[in-house]
Amino acid sequence: MSDQAATRPLVWVVDDSPLEARHAREILEGRYEVEVFGDGATMLERLEGAPTPDVLVLDWVMPELSGLDICRFIRARRDRAASLGILMVTAQRQTEQLVAGFAAGADDYLPKPFAPEELRARVGALARTRMLLDRAERAEADFRHLLASLPDPVLVLNDKRVVTYANDEAKRLLGPPDSSVIGQPLAQLVPELDAQLADPAFDSAALLPDLRVWNRIYSPSVAALSRRGPQHHAVALRDVTWQRQNANRRADVYAVVAHDLRSPLTAMTLRLERLLRRQRDAMAPDLVVELGKIQASVGAMIAMTNEFLDFARLESGQFPMERERFDLWQVVADTLEELAPLFEVNDLTIERDGAAGRSFVVGDRRRLGQVVSNLVANAVKFTPPTGTIRVCVRDQDDGFEVRVEDTGCGIDPARIPHLFNRYTRAVDTHHEVSGTGLGLMIVREIVQAHGGQVGATSEPGEGSTFWFRLPRPS
């Protein structure tokens, strides 16, 4: 047999009439490998040791074993043969007889006498179906092998949060030696994760906090497996014990340094405020100006210190997010109200575009206010006096977008992809300002923890637009 012939679908014809069997062979053998059997018993015996055919062309009426009997035998098997395509060739035309044939396991039927083109077309359709089924089965087998061999524990949960699949690593981590993980409620295996998934505000796109299982720390990732109807989820647990322990050590250093800096800086601010409040009238105007500059610099240093503290919490994984439903526009409006003195000092015009009660999201109100504050404060830094900053909240199909637009110096487009990385600032060396370079990174982390996205667009000399998008609550 040639290589080309070996790749052709295999068709078995079972018919007790030699004439009709030969006729079917002649029609099919140009496109398929064809083998003919004169009775069902011989075919079933051959099925035990031969390669399984792709399609079976089966005569309904035969002595000893009828086509219906053969269908039932094949469909009762538990191997590849159970799913081969069966075309029943019959003179039966009554509805109840055809229904009986399909109930026995036939995929299609062809009335006698038949045209050669129709036999080829029906066999071809079944052969293509078998080929697609084989591909799907191979893909499923490969996928199951991949899941089984993953180094991370992986679970699949049904809509009741009961485990329907667990790979080898998940069984090793969660399964008691004398019982199976399959069929167990997640609440018994990982109660903390079950409580998070049971929360009505749960969003599979959001980052979940670390979990401790036995003496290890795991970072969970959850993906919804269906978009409609009862939700099934896949859960992967990444072992981050080593990373978190090292991050905690680094974070401890950051936190100690930032804390020790913030206390004297806060004391300096209070003394400057008291001095200016009590002695302003007795001071020379130029001294008042200089003290105001010192006060602004100390305030900037406190802001930088706060960014380092947030960075330390991010590094250590201790950056908790509250979950509540609130109006995003109200957060924007409150933040702009708090920053009003900053606009006045810098002689900037602030424009707002949005309305209350139209942009409800689920998340951490304070942290998202921090995002808005960071983006607006950035815009203030890089917008010259008499400039304009515009903040708007837009309703989109899948959520809400907050945009902060300024009329500042703009940014080189080549730098935009790096803006939200740590220690990156928004402008070039000709417009450098003070800062840690952590503010936009913290913005990115907070937004991504809410399942959102951040971005920016700009051109030098034409201002900049920073935006973030949050998903609509499900």
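This passage describes a five-stranded sheet, a strand with its two partners, and two pairs of helices in a predicted model.

Five strands are arranged in an open sheet of mixed pairing, and their order across the sheet is S12-S14-S15-S17-S16. Strand S12, which covers residues 349-353, and strand S16, which covers residues 453-458, lie at the edges, each of them pairing on one side only. From one strand to the next the twist averages 15°. At one edge, S12 is paired in the parallel sense with strand S14 (residues 388-396) through five bridges, and within this pairing Asp353 has Cys392 of S14 as its bridge partner.

Strand S6, formed by residues 154-157, is joined to two further strands, S10 and S7. In a regular strand the side chains alternate between the two faces of the sheet. In S6 both faces are covered, with Val154 and Val156 buried on one side and Leu155 and Leu157 buried on the other. Strand S10 (residues 233-239) runs antiparallel to S6 and is joined to S6 by four bridges, with Ala234 of S10 standing opposite Val156. Strand S7 (residues 163-166) is likewise antiparallel to S6, here through three bridges, and Ala166 of S7 stands opposite Leu155. S6 and S7 together form a hairpin in which five residues lie between the two strands, and Arg161 in the turn has a positive phi of about 60°.

Two packed helices are described by the angle between their axes and the distance between the axes. For helix H12 (residues 328-338) and helix H14 (residues 365-381), the axes come within 9 Å and cross at roughly 55°, so the two helices H12 and H14 are oblique to each other. The crossing in which H12 passes H14 is right-handed. On the H12 side the contact is made by Val331, Val332, Thr335 and Leu336, and on the H14 side by Arg365, Leu368, Gly369, Val372, Ser373 and Val376. Of the residues in this contact of H12 with H14, six are nonpolar, three are polar and one is charged.

In the second pair, helix H4 (residues 67-75) and helix H5 (residues 95-104) have axes that come within 8 Å and cross at roughly 25°; because angles under 35 degrees count as roughly parallel, H4 and H5 are described as roughly parallel to each other. Leu68, Cys71, Arg72 and Arg75 of H4 make the contact with Ala100, Gly101 and Ala104 of H5. By class, four residues of the contact between H4 and H5 are nonpolar, one is polar and two are charged.

Key
Residues numbered from 1 in each chain as written. Predicted model: local features only at pLDDT ≥ 70, side-chain atom pairs only at ≥ 80, totals over all residues. Heavy atoms only, no water. Pairing = 2+ DSSP bridges. Axes fitted to C-alpha atoms, helices over the stretch in contact; angles between N-to-C directions. Parallel < 35°, antiparallel > 145°, perpendicular 65-115°, else oblique. Left-handed = near helix turned anticlockwise from the far one by under 90°. Contact = heavy atoms within 4.5 Å. Nonpolar A, V, L, I, M, F, W, Y, C, P; charged D, E, K, R; others polar. Buried < 20%, exposed > 50% of the residue type's maximum accessible area, 1.4 Å probe, protein only.
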